[in-house]
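Me: I am new to this structure and should like a close look at a single part of it. Please choose one, set it in its surroundings, and explain the terms as they arise.

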Amino acid sequence: MVDQQLLIDEVKKVVSRDDVKYVIGYKKGTTGFTISPAFAYSTEYADKFIFNPLCKKNLAAYPLLEDKLPLKREEKEDKRKIGIVAKGCDTRALVQIIQEKGLNREDLVIIGIPCSGVIDYKKITAMFPNETAYSTIEEEQGFYKITINGKVHEIAKEELLADHCTSCIAPNPVIYDVLIGEEVEPWDLEEHKNLDVLEEKDVGERWEYWKEHFDRCIRCYACREACPLCYCKECMADLLNPQWIRRSVNLSENTAWNIMRAYHLAGRCVGCGECESVCPVNIPLMELNKEIEKDVKNIFEYSAGMDSEEKPLFGTFRPDDPEEFIM
Amino acid sequence: MENLILQKDKLPELIEKLSSNHVLYGPTEENGFSLFKQISNFDELNLKYLLTRVPPKSLIFKQTETLFKFTPGRKGTVTSTEINEEKSLIFAIRPCDARSFKILDPVFEGNFEDPFYISKRKNTVLIGLTCNSPERNCFCTSFDDSPGSTENVDILFTDLDDRFYVEVVTEKGKNLIKSVEDIFEKSTKNDEDSKRNIVTKSVESITRKMDLDGLVPKLDKMFDHELWHNTAQKCIGCGICTYLCPTCHCFDMQDESSLREGARIRVWDSCMYPEYTQHASGHNPRAIRMSRVRNRVYHKFSYFPKNEDITACTGCGRCIDYCPVNIDIIDVIEEVGVISNE
């Protein structure tokens, strides 16, 4: 468990630095098991910061999302750093963005959080559909202890753990300026669920499986907006001239979008699960991401977002790069 | 027409009969959530969920509509889409979702008449289902609506455990019931009381409330308040709130063509996207998320009530349930109230 007071103290320290604009972290949400991203501009606000197993949201998308208006005459750009509370997968996203030169390492103050896995919001709300508030939530020896209205519910960790956490290769932050508490022990990795559909079934069965999922897509592009690595200034899906993907919502265009999204993240996806967890129609996007991640690992011995000094996968070329997959 | 009773074991028969001469949509379960689909027998129906993930507005105001087709060249043609007049029926629509059509009607049947919406609306019978146990983010009562309201449906079913209490509200509803009258039984005063008790209990269990008192003038004074910046800072700009909203109705029109033929299509759009307001010149009047988030709130709670005399929100709570970053519209409106009172 992360010591809440340690976290708050550290956030206060960072936010009071002259070279820091604000610190991004988590606070309790308005209702039920929701968690809200929080932006501390002052030490008082830092008191609201928390970290518990519900803090799933990858905050790494925020530094790039900052609203920027054109500067007024004689106005100078605010170049102060952004502080950010980050779990292992969040720091992997930051590393990947830094590798791609989307962010500069020196523009960030990273408050690292060792994480032993997060709770899937869809799973916990399905278990407690009508609860409007909880008081505490803690992890203890393979169980989550959730206190609701004074009553403690003990639930086995695997029942609530987000699927992508079982194959997490970075429970501890890969970069940080300060670490809250002790590093956690990495756990035995499990393969992501349902990868056998992509690996063992024949093309016909695979298509049937994905057809059903893509048919349901409403093309809200929430998967793209939630993804910390989907930060292109102009997304191919929005281009009109030429128009690569039509706006009509049907199986053909939906498939084009979903495949394109997955491929653009090849060698870049850090496995944080944001896309799948925000998808309003439950498309198992992580199965695509995880399969590609596995291929990249097997073929190029590369994992995204592990070392900020490394070059991105598609930014390097070796004459002896394997090419068996090229038809 | 008197109110009726339908024994629960007769429901499969009713569904079968109605689906034989109507396109019948009902809530079904797929991949762990609920959605309206065309059904033809009772087994496909799933009444376990309260609200479908995507609201039933998608059945009347379709996400993709082909407006007309064309072929290019000097001998090019334009073929308009035939308006579909088939009779359809939405079974087990919740009162709040039924109310969304009252909000959408002035948009599509007002100054500009939309033939696609109008024909579907006219040819669709709404059979409502009372919400016996509302969800945690339900707040329909803030809009003088009720989980057992008959106001916007043609027929309302209420689950009385072993039977449904059936209120036939409109002419449309009466005509439909007449065709299957023999399945129903007469209701008693007792049934009416049972429904009333269920609705009373249901209303009591709604814990969330939005204070709409004087909201329009309050918002008038707050356009430049920092609240909008603070709210938008955590917005990631996904379109979930607008796509799952039963009253959001913005759309885009595009020509989609290949070499030999093309079509003008209309698709749902979202004011949360920067492209939504992007001008051809490159200028974007809502270039930052702050102005987009603010617009969503103002459109629902200020512009729409000013223009159409009704708030463009039904209190279904979907945007609160599915916002990945906990932008809670009740909370935002509450803050508007607090700031106005300062």
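Reply: Two strands pair if DSSP finds at least two bridges between them. Strands themselves (E, at least two residues) and helices (H or I, at least four residues) are DSSP runs, numbered from the N terminus. This is a predicted model, in which local features need pLDDT of at least 70 and side-chain atom pairs count only at pLDDT 80 or more, while totals for chains, interfaces and linings use all residues. Residues are numbered from 1 along each chain as its sequence is written, and chains are lettered from A, and ligands numbered from 1, in the order in which they are written.

A sheet in chain B may serve as an introduction. There, 4 strands form an open sheet in the order E5-E4-E12-E11, with antiparallel pairing. Its edges are strand E5 (78-80) and strand E11 (251-257) of chain B, each of which pairs on one side only. Direction ignored, neighbouring strands of this sheet are turned against each other by 25 degrees on average; angles run from 0 to 180 degrees between N-to-C directions, and axes are lines fitted to C-alpha atoms, for helices over the stretch in contact. At one edge, E11(B) is joined to strand E12 (residues 262-268) of chain B by antiparallel pairing over 7 bridges. Within that pairing B:Phe251 faces B:Trp268, the latter in E12(B). In general, the strands of a sheet pair through backbone hydrogen bonds, either parallel or antiparallel.

The part chosen for the close look is strand E2 of chain A, with its sheet and its surroundings. Chain A has an open sheet of 5 strands in the order E2-E1-E3-E4-E8, and here the pairing is mixed. E2 and strand E8 (178-179) of chain A have a single partner strand each and stand at the edges, so one side of each has no neighbour in the sheet. The partner strand E1(A) meets E2(A) in the antiparallel sense, over 6 bridges. In this pairing A:Tyr26 stands opposite A:Pro37, a residue of E2(A).

Helices also belong to this picture. Helix H1 (residues 4-15) of chain A packs on the sheet and touches E1, E2, strand E3 (81-86), strand E4 (108-112) and E8 of chain A, its direction making about 155 degrees with that of E1(A). H4(A) lies across E3 and E4 of chain A and runs at about 155 degrees to E4(A).

The helix just named leads to the division of chain A into domains. The assignment, whose bounds come from an automatic or database source, gives domain 1 (4-69 + 80-134 + 160-179) and domain 2 (195-315). Their C-alpha centres lie 23 Å apart. Between them, 27 residues of domain 1 are in contact with 21 residues of domain 2, contact meaning that the C-beta atoms of two residues, placed from the backbone, lie within 7 Å. On the domain 1 side, helix H4 (residues 88-99) of chain A gives the most, with 9 residues.

Strand E2 of chain A matters to a further boundary, that between the chains. There, 32 residues of chain A are in contact with 37 residues of chain B. Strand E2 (35-40) and helix H9 (222-226) of chain A each supply at least two residues of the side of chain A that touches chain B. E2(A) gives the most to that side, with 4 residues. By class, the same side of chain A has 15 nonpolar, 11 polar and 6 charged residues; Ala, Val, Leu, Ile, Met, Phe, Trp, Tyr, Cys and Pro count as nonpolar, Asp, Glu, Lys and Arg as charged, and the others, Gly among them, as polar.

Two loop residues complete the account. A:Gly29 is placed in the loop between strand E1 (20-28) and E2 of chain A. It is buried, because 21 other C-beta atoms lie within 10 Å; a residue is buried with 20 or more other C-beta atoms within 10 Å of its own, exposed with 12 or fewer, and partly exposed in between, the C-beta atoms being placed from the backbone. Not counting residues up to four places away in sequence, A:Gly29 touches A:Thr34, A:Ile35, A:Ser36 and B:Asn326. From C-alpha to C-alpha, A:Gly29 and A:Ser16 are 25 Å apart in space and 13 residues apart in sequence.

In chain B, B:Asn137 is found in the loop between strand E7 (124-129) and strand E8 (155-159). B:Asn137 counts as buried because it has 25 C-beta neighbours inside 10 Å. Residues up to four places away in sequence again left aside, B:Asn137 touches A:Thr31, B:Arg208, B:Gly317, B:Ile320 and B:Asp321. B:Asn137 and B:Ile206 are 69 residues apart in sequence and 8.1 Å apart in space, C-alpha to C-alpha.
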